[in-house]
Amino acid sequence: MTPGNSWDERISAFLLSPSQFLSCTTPESFLSELLDELRDEKANDHKKVLLLSALLEHPTVLCPTTSAGEGTAQELVSILTFTPQKSISLKCHIMLAVTNVLICTSCLASRTKVAEDYLDFLFKTIQDTNDNTGGLALQPLRATACDCLREMESCNPGLLSQKLEALYYLKQQETTILHQSYCTLYMQSLKNAIRLLTQEKDVDTSKLRSVLGGNEGFAWKTAGLPLSMLPFNMMTQVPQLSTMLDCKELKSILSLLLEESYLMTPISQALLLRGLIEIVAMVPAISPSIFKSQLLRLFGTAEVELMHATLLMKGMFTDSLFTAEDEHFLLKRLVGMAQHPLLRIPEKLFYMDCILHFPENRPISSSGEECLPVLVTPRLTLSLIPTVFNDSATMLCRLNLLCLVHLEADEEEEGKGLAYLFDHLMALLKIVDNQGSREMVVTSFRAIFIFLIHFNYMEKFSEKLVSSLCDLYSRHCRLAPHLINLADRIQECLEDSLWSVQLLKALQKCIVEMPPLQLTLQDLRWHLKILGRVAQESQIVQRNTICLLLNVLINSNLCERKNWQVGNAILAVCRNLLQHPTLSQMFIELADLLQHMTKHYEDTDIQDHARFYYTLLTNLSWEKLAGVLAKGPEGGQAKIRSLSAIVAENDGVTSCLTVHQTDGCVMQLMKIHEPGSQRATTGADTLETVDKKDLFEVYREQFKTPGFASEITLRYNLTHTKVTDPRFDKMFTICLHFDLNDSHYAEVNDIYVPCLFRDRKTPQVILKLKPYQPYPTSLRLSAIFTTEDGLSWYTQLPDVKVSFPEIFLPIPSPLGASHEFKEEVFDLIWNAASSGDPDSSATSLFCFKTESDKLADLIKIHFEGYQIAESQDQNAWKVLFFLPPRFHVLLKLRQAEDAVQVSIAMDNWELLPHVNSYLQNITAHCNMTTT
């Protein structure tokens, strides 16, 4: 572990981003350190629990294979065995970690030896009922063991299907608080066993009884069969057993479990009830009336979990369990809970959602969408009428519910409920008018949207709403984005409705007829947004809009103020007007407006665009104008090239400037391999200067020069891939962008390549990397380029992998340095690393067997550019690798009688695993041994 990095920091970093954390190490190394620390008797329990969180959260990251998971689980079981009995909490966490690793790494499904042994251990643990042997102190261990077994049974259904009698006996024996843990474990095992029986053919009563009375080993053959959760919907087919089975024993068991549910916590009760509902649904010989005795208690519950279980029961059994009176009572209960003053807001919203998705005995629709039950009437929901004192979520949910209620109601019989809802909207707008908060503004417009979705066809309300919104806008122009959004959303949801057009037409009239004193510069910006949206509607006459804009420009100093934003907003309106079907009717007025801006607006950009629009208007027909200014579909390439990328002035300009993405990779970098002798680095001093100073000090002084020997240079050829798309035969202005996967290197600048032609010589790309830590790495590579047709393209290239030997450089010696100088520097660095700080430097030994001629070839191929000295009589060689920014790896090779010995020294001990892997790779063809 790196000094100064505590386990708290390391575990936090790992949990935050496992991939980034493991870029500095390997999963195997980190897991080994973690297990070593768990074995340490000096470490406290709190620290070990923290370490186990890594295995609980990301077991497959640290144990990517089944064999790794098996080994890790075995180590954890060994640690569990030697953990003191007083460390109960730690033992529980270890048990959870073992279970997690076994399940996630498929050790349980593969029936590994450690899984079998651990399953036996868990079952033996739960057999100590009522703490007769271990005492009360070990009760948490039994609770954890039950949870682990239930999780294993859930992930591998049927694993405990041959242990039902034993589990039932243990459940009956247990009288402590853990009775509910035994009950839920037995229920889970029983449910999966029944589900497996439904998949078999010719199941008779004797087979069912043998399953219920099973007391054999674990059912490994059935474990792991995929069993999906049953749908709680009577419209969906549920797998069932035969109706001819004698299920008295099973019915007795289920009745007992129901009676015992009183003793459980709400969450455990809900879990038990869900399991029992599934069992009864799969066994038609058992009537749903078995739950009848529980209904009164469940109807009166204040627990969300139990009410949810009740509704699941209602959805599964409908009128075979619930009468019409029960259904009506349950609905009244939901309505009462939805406005109960002691409940929290999320709980009230849950109950209202239950009303909207209530499972009726005779449902009209089975689509699963919001559909109001027939029994929900305006009189029943009178207490749910929204008020301005509700929070936003509750108000909108109640409004939606009441709109559905009054949508089907007869208003003459049910009173003035709909009128009240409309008055509620008017009250919200009044609050907005009186400087309401941003939340109130958003809530008000959402409420209007909900109301219009249901009642847009009622003219008396829709017209009054338009009038109120226009009146509100005349006093608060900042509401323009909300009004535009409302109109857009209504058009999306109600394609046949004309309400959006009516609103926009009324807003246009409001703006055009507004007194000149109200047309301030700030308000004008909002008005232009509205008018720009109005100009998109073909059903609205636009002549008044143009006249207003021309009068504003002529009778104000707007042109002299050079306000680019206002000018751009006016041009956005003009752009929409150029595409309007009634362009011919307002040709002269629009031409006058554009000509005036061309001559008098004192902003060059605005003048140029106005002149361009004027040219288009006076030279092209409306059809050609629409084609030129048309936008392509979002995310796709327009079939007809348009000028919208040049002339678009609205907020959607970025959607026109599209960079298209290729379907696959169209280019790649191919590595140019260079011998080490061609990658030489030179020092800052000359040899004459060096002779006057201490060699080692002179060598070290070089690194004080900023940027000295801090880069590695890699050379690649940029080539086409095997993709033969003719569009990419010629690519221009290629920008290669590199993204780092770790923090060990400095950011890489983009590289620009002029062109790449398929029939020409491939260009060379020089990649310069500046390491902070010289570790192997990979860089994500992408490119943006242009093709012959003028389109810009984006493509993802294969990652650029930088291996450890590609970081090697020869020793950065001064100019003119001799071999004697390099050998003396080698010896000085070797001595410094051998006797230096153990926290930074390290030495090691690597041995392998090979023949003498093969050894010479190995040295020539891999060490030629880095060899410092050679002794033929002693069969010894000295090799030095320099790794930027200032690290060294030194090798002394010596041919012994039985093997080649490679002594290793380095001034950064963290490089040792990479050096060892490198030596293993280059000597893989030899008979190798390491020490």
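Trainee: In this predicted model, what makes strand 1 and strand 6 the edges of the open sheet with the order 1-9-8-5-6?

Mentor: That open sheet has 5 strands with mixed pairing, and strand 1 (660-661) and strand 6 (751-757) each have a single partner strand, so one side of each is left without a neighbour in the sheet.

Trainee: How do you know that strand 5 and strand 8 count as a pair?

Mentor: Pairing requires at least two bridges between the strands, and 8 bridges join strand 5 (residues 730-740) to strand 8 (residues 777-787), the two running antiparallel. One of the residues involved is Leu736, whose bridge partner in strand 8 is Ala783.

Trainee: What is the strand order of the open sheet of 3 strands, and which strands stand at its edges?

Mentor: The order is 2-4-7, with antiparallel pairing. Strand 2 (667-671) and strand 7 (764-769) stand at the edges, because each has a single partner strand and one side of each is therefore left without a neighbour in the sheet. From one strand to the next, the twist averages 40 degrees.

Trainee: How do you know that strand 4 and strand 7 are paired?

Mentor: The cut-off is again at least two bridges, and strand 4 (residues 712-720) is paired with strand 7 over 6 bridges in the antiparallel sense; among the residues concerned, Leu714 has Leu767 as its bridge partner in strand 7.

Trainee: Turning to the helices, why is helix 21 called roughly parallel to helix 23?

Mentor: The axes of helix 21 (residues 417-433) and helix 23 (residues 459-475) come within 11 Å and cross at roughly 5 degrees, and since angles under 35 degrees count as roughly parallel, that makes helix 21 roughly parallel to helix 23. The contact is made by residues including Phe422, Met426 and Leu429 of helix 21 and Leu465, Leu469 and Leu472 of helix 23.

Trainee: What makes helix 9 mostly covered?

Mentor: A residue is buried when its relative accessible area is under 20%, and 12 of the 17 residues of helix 9 meet that condition. Among them are Leu141, Cys146, Leu149 and Met152, together with Arg142, Arg150 and Glu153. The buried residues of helix 9 pack against helix 7 (88-104), helix 8 (113-126), helix 11 (179-198) and helix 14 (266-282).

Trainee: How does the reach of helix 9 compare with what is expected, and what share of the protein is buried?

Mentor: Helix 9 (residues 139-155) reaches 25 Å from its first C-alpha to its last, close to the 24 Å expected at 1.5 Å a residue. In the protein, buried residues make up 49% of the 931 residues.

Key
Residues numbered from 1 in each chain as written. Predicted model: local features only at pLDDT ≥ 70, side-chain atom pairs only at ≥ 80, totals over all residues. Heavy atoms only, no water. Helix = DSSP H or I, 4+ residues; strand = E, 2+ residues; numbered from the N terminus. Buried < 20%, exposed > 50% of the residue type's maximum accessible area, 1.4 Å probe, protein only. Expected span 1.5 Å × (residues − 1). Contact = heavy atoms within 4.5 Å. Axes fitted to C-alpha atoms, helices over the stretch in contact; angles between N-to-C directions. Parallel < 35°, antiparallel > 145°, perpendicular 65-115°, else oblique.
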